[in-house]
Each structure stands twice: as C-alpha cells, then as structure tokens.
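Please take me through this structure in the viewer, telling me at each stop what to select and what I should find there.

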Amino acid sequence: MSNNVFVITEHMNGKFSDVSFEMVGKAKELASALGGQAVAVVVGSGVAANVFASDSTIHVDDAALEQFNPEAYGKVIEALVKEKSPRLVMFGWTATGMDIAAWLSARLGKPCVAYGRDLCIENNTLVVNSQVYGGKMIAEVAPEGDMAIVAVLAGSFPAEAGQGSTAATTVASPIALDGLKTKFVEAIKPAGGDVDITSQPKLVSIGRGIGSKDNVELAEELAQKLGAVVSSSRPVVDAGWLPRTRQVGKSGLRVKPKLYLMLGISGAPEHLEGMKSAELIIAINTDKKAPIFNVAHYGATNDLFEVAEAMLELL
Amino acid sequence: MDIVVAIKHIPSIADDLPVKGNNVDFDSVDFVLNEFDEQSIEQAVLVKEAVDGTVTVIGVDLIGELDNILHLALAKGADKAIKITADDPAASSHQQAKWLSDAIKSLSPDIVFAGVQASNDLDGQIGPMIAAYLDMPYIGGVSSVEISDHTATINKEFSGGFGAKYAVSLPMVVGVQAASKPPRYAPISKVRQIAQTATIEKIAPSGDASAGLAFKKMAAPVATGHAEMLTGSSKEVAAKIVELLKSKGLA
C-alpha cells in the first residue's frame, strides 16, 4: 500500500474538464498530508496530458481507449489501482466518473463515497463530506481500510491549483482490451434549432414546483414580459414539459446570465453546478429549507403562481 | 427477453430530514420511490413493448411499505414484482446491491435497469454495483435503449447535449437518466385493482456487503451565505422583485 492519491481525469475531444484540475489541486494537498504523491491518471489514446500540477502523470495509451468506454476504462483503472495500491482514488461525480467509481468499489471491496464535496486528513485518517439528499444534508464519513474511492462534485475546489505542466509517462494498457462487450458506436452532438440558453442574458427557470405542462405557459408569459427565455431543472425535461436544450445543470447546460429567476426549483447539487455563477439569482420556492436559498441572492417562500401572476400585472 | 428493474425506496426529501445520532432518523421520514426509478421502470416497459418480454420489478423492502410502489409498477406495465424483506431502513447501497444481485442472479435476466442515481447514494449507486457483483457491463446516464439480436443500442448523455451511442452485447446493467418517453400515468383505479389481485413474491435477503464507512456526523449544510428573503403577500413579493429588477435595469 502507498499513500498516493490517484485522480482519474476526464477529457473529451482533447480537452480536460475543469473537475480534473479541481481534483488534482485537492489531491496535492491530501497527498502532502499523507506523505504520498498526487498522481494524475489519463486514460485515452494520444492525449496531450502534460497539463497537470500533479507529482506525476500516468497516461494509459491504447487505441481501444480513444473514446470513453465504461467497460474498457473500468478494466484499465481496476488493473492500475490493483497494481499501484493508492490510498485514495478520486473520480468526478460526473457522467463518466459515475459509471466507474461505485463499480470499482464493488469489484475491489473498497469503500466509496459519492457526492463528495470536501476531503481532509484528520489524524492520518481520511474524512469526506458528502452532499446527500438533494443537498439538504451533509454526511461526514470516514472510509475504513487501506484504500478509499471518492467521487467529487464538480466545482468543489479551485481548478488553478491543479494546472501545471508535469510530463506524463505513457504506459500501455495494463490489461488486454479484446473481447469487450461494450462498443462505442458514435458521438452524439447537441441538437440545434432551439434557442441557446447559454447566451441568454435573462432566464426564467422552472422546476418540479411548476406542477404540470400546462403551467409552463405562465413561465413563458413572464419570460416574454421580461425579455427572457424559459429554462429548467432536469425533472421538467424528463417529464417532457420542455426540450432538453432548455435544461440547466450537470447533465444539461451551464449558464451565467445576468438574471436567473427560479420558480419551484429546490437547488439539488446537480442543478447548482449549472447556474451558481449567475449574476442575480432570485428563487421562489415554498420549502423554506430548500438548498437554493443558500445560493440565491434573493428568495421568497410564496406560491410561485401567485407571484408570477402578480409580476405579470406589474410589468 | 427477461427484463429486470432494480428499484430503491429512499427517504423523501420533500420534508425536513430529522437526525438521530450520526445519521438520518429513518423512523421519522417518509419513504418514496427514487425519482430516477420512475424513468427506469418506464424504459423497461418501453423495451418490453418493442421486443416482447417480461418485466420483473424488484426492490428491498426496508420499512415494510414497498407494496404500494410495486403495485404502481405493475399498473404501469411490469409483469412481476418481488420484494426482498430486509426491514433495515439504514441499509447501504452496497448492501442493497448485494441482496438485489443475489436475487437477480436466479432470474437470469437479459438486461437489468436501475435509476442512474438516488439522493441517498452516499456510498455510490446500486446500478454499477449490481453490474460488478453479476459481472455484467454497465452504462449509466442513459436516455434510450433499443434491443435487437441480443445487443442493446444505448444512448448515453454527457453534459451540454453531448453524448455517445454504444452497442452492448447482453446481458448488461443500464443506469437510466431519462426514459426515451416521459413516464406513463397509471390511473389510481388501476393501481387499486392491482393491489387487490396481484401477488408480490417475497424473498429473504441473502449475501453481505458493507459500505465500509464510519459515520461521524449528519447535518443540514452550514450556509456560507443566505438569500435575502422577501416577505409579505405574493403581491407584495412580486412588487419587490419587479422593483429590484427595474433598479438593476433588468425589467
């Protein structure tokens, strides 16, 4: 066993995601406290990987790893982790990290913490803060044993501390990648044709609290009066009330408008990831303990329909 | 085609979550179906309708109230329902995934669906763990599934509308983000009728897996900032918001 901290980085079309740098920065701090090294792990093919401030970077390079393939990536990471025995393996709690972190935990019989928001070393013990129950609770847990897997929420740490130019060591895949059951077919690009919510200065954003598809019209009217466009949280899109092009959050789009007026959105971590940088956030939600009120600049717990209708009369 | 849906009964976050010791006070909270499982059940029924097969919905009965959820799943098109009678409201994802895997193994499924995540997945989601325990491939964040020639064609979502299409040789486990159509509505009369006639198979939990996490604390987040709350009647609040927007040149 080592005291090293492995960061499983993420990249798409040759570009690393912010969460990769955020994790590397945190890993340096943790590795230093543990007396180990921060190791950036880059799984892919021909990736320009000399971009991290890690103590070392391992680039596992194989043509079969050119595109994200959960089965192939999982097998490679499992083999690498078994061989190197790090103290901690960090993933992003993202579309790719979520496919592998818990799988690896069950494969290796090592503990996993998801929704990670902070990590620290207390008396040589790893302690993780996890933002569970839709952001309503913080669980503080200590993973038992000699290795832990932690999947962290994007935006939890500054990215700058992870940026650098450590030269990557390229290695061949530690495991044969023939006979995979999962085959990458093709990339899917965003559907065009709708307004681009990321370029809108004002958004009226609706959540589950809007109640039904018929009520979306009220938000549309209010948006029109404000010169805004309607966006939403994920449940509204999953219910088919708005197209996916309008979704803000981890699995949707990141927006940074001048105004983000929220109707009936509680503020789960996945949604906050996509909008917390908005310049003015006003949230209307009847649950006074909704996590959104810790992020919004102004809030109200009135009935959203009454407030929206009253605003329409005033505008 | 034998299709299995593994579901999770979780504490509702609609109300406050009281704390007891270092964890949620599970005796004082309502349990609901994980919202992603609604999508997962729908996707399973859509696959069944497309390729002909049976859908078995299975979940761990943590508090003795899973029947209502299973009746709803049957009303939405599932053919068979199984509950693992555990009576352990604090059961971790690892433990539930292990119990579910042992039960699912005997069903020899062609495909297993699970919700991509649940709000209480402190130790990770059950989908990838079931895949690990059953040695099947897993893909999560899935928004459509089509099956032909014992191969699943899967659309996985990344962020910002980007995604990827995969072809997976079955059996596999799928973590559903959103079904390819919005979940259907089951009329309450149909649910009631099924509640009177349906048989739910009961299985005793088998197999142990620990999350390996020592709980130190469970608490509501300490806010670093808080919204300035606008109070008064809805009309007064609306007036305050409009005034605020006008003062900032936003209305």
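Is Asp52(B) buried or exposed? Select it and look at its surroundings: Asp52(B) is exposed, because its relative accessible area is 63%, and exposed here requires a value over 50%. Bear in mind throughout that this is a predicted model, so that every angle and area on the tour is computed from predicted coordinates. Asp52(B) sits in the loop between helix H1 (35–51) and E6 of chain B, and its phi is near 70°, a positive value in a residue other than glycine.

**Along chain B from that loop**

Next, select strand E6 (residues 54–61) of chain B together with strand E7 (residues 80–85) of chain B, which run parallel and are joined by six bridges. Between them the chain passes through helix H2 (residues 67–75) of chain B, and this β-α-β crossover from E6(B) to E7(B) is right-handed. To find the register of the two strands, pick Gly59(B), which stands opposite Lys83(B) in E7(B). E7(B) also pairs in the parallel sense with strand E13 (residues 200–203) of chain B, over four bridges, and there Ala81(B) has Ile200(B) as its bridge partner.

Go back to the other end of H1(B) and select Asn34(B), which lies in the loop between strand E5 (31–33) and H1 of chain B. Asn34(B) counts as buried because its relative accessible area is 3%, under the 20% limit for that class. Leaving aside residues up to four places away in sequence, Asn34(B) touches Lys8(B), Ile10(B), Gly115(B), Gln117(B) and Ala118(B), so show these side by side with it.

The last stop in this chain for now is the peptide bond between Leu170(B) and Pro171(B), which is cis, with omega about 5°. Pro171(B) belongs to the loop between strand E11 (163–169) and strand E12 (172–176) of chain B.

**Chain A as a whole**

Now display chain A alone, which has seven helices and 17 strands. Its C-alpha trace spans about 65 × 45 × 35 Å along the principal axes, and its radius of gyration of 21 Å agrees with the value near 20 Å that a compact globule of 315 residues would have. Of those 315 residues, 59% count as buried, and among contacts with a separation of 6 or more, 64% are between residues 24 or more positions apart. The accessible surface comes to about 11,700 Å², with 47% of it belonging to carbon and sulfur atoms.

**The ten-stranded sheet**

Bring chain B back and colour the open sheet of ten strands, whose order is E11(A)-E5(A)-E4(A)-E1(A)-E6(A)-E10(A)-E7(A)-E8(A)-E9(A)-E14(B) and whose pairing is mixed. At the edges stand strand E11 (168–171) of chain A and strand E14 (213–219) of chain B, each with a single partner strand, so one side of each is left without a neighbour in the sheet. From one strand to the next, the twist averages 30°.

Within this sheet, select strand E1 (residues 5–8) and strand E6 (residues 88–92) of chain A, which pair in the parallel sense over three bridges; Val5(A) stands opposite Leu88(A) in E6(A). Helix H3 (residues 97–108) of chain A packs on the sheet, touching E6, E7 and strand E10 (148–152) of chain A, and its direction makes about 150° with that of E6(A).

For a last look here, select Asn124(A) in the loop between strand E7 (112–122) and strand E8 (125–132) of chain A. Its phi is near 65°, a positive value in a residue other than glycine, and at 57% relative accessibility Asn124(A) counts as exposed.

**The six-stranded sheet**

Finally, select the open sheet of six strands, ordered E14(A)-E13(A)-E15(A)-E16(A)-E17(A)-E15(B), with parallel pairing. The edge strands are strand E14 (229–232) of chain A and strand E15 (228–229) of chain B, each of which pairs on one side only. Strand E13 (residues 202–206) of chain A pairs with E14(A) in the parallel sense over four bridges, and Ser205(A) stands opposite Ser231(A) in E14(A). Helix H4 (residues 216–226) of chain A packs on the sheet, touching E13, E14 and strand E15 (259–263) of chain A, at about 165° to the direction of E13(A). End with helix H6 (residues 234–247) of chain B, which lies across E15, strand E16 (280–284) and strand E17 (298–300) of chain A and runs at about 170° to E16(A).

Key:
Residues numbered from 1 in each chain as written. Chains lettered and ligands numbered in written order. Predicted model: local features only at pLDDT ≥ 70, side-chain atom pairs only at ≥ 80, totals over all residues. Heavy atoms only, no water. Pairing = 2+ DSSP bridges. Right-handed = clockwise from strand over helix to strand, strands pointing away. Rg over C-alpha atoms; globule rule 2.2 N^0.38 Å. Buried < 20%, exposed > 50% of the residue type's maximum accessible area, 1.4 Å probe, protein only. Contact = heavy atoms within 4.5 Å. Areas by Shrake-Rupley, 256 points an atom, 1.4 Å probe, with all protein chains shown as cover. Axes fitted to C-alpha atoms, helices over the stretch in contact; angles between N-to-C directions.
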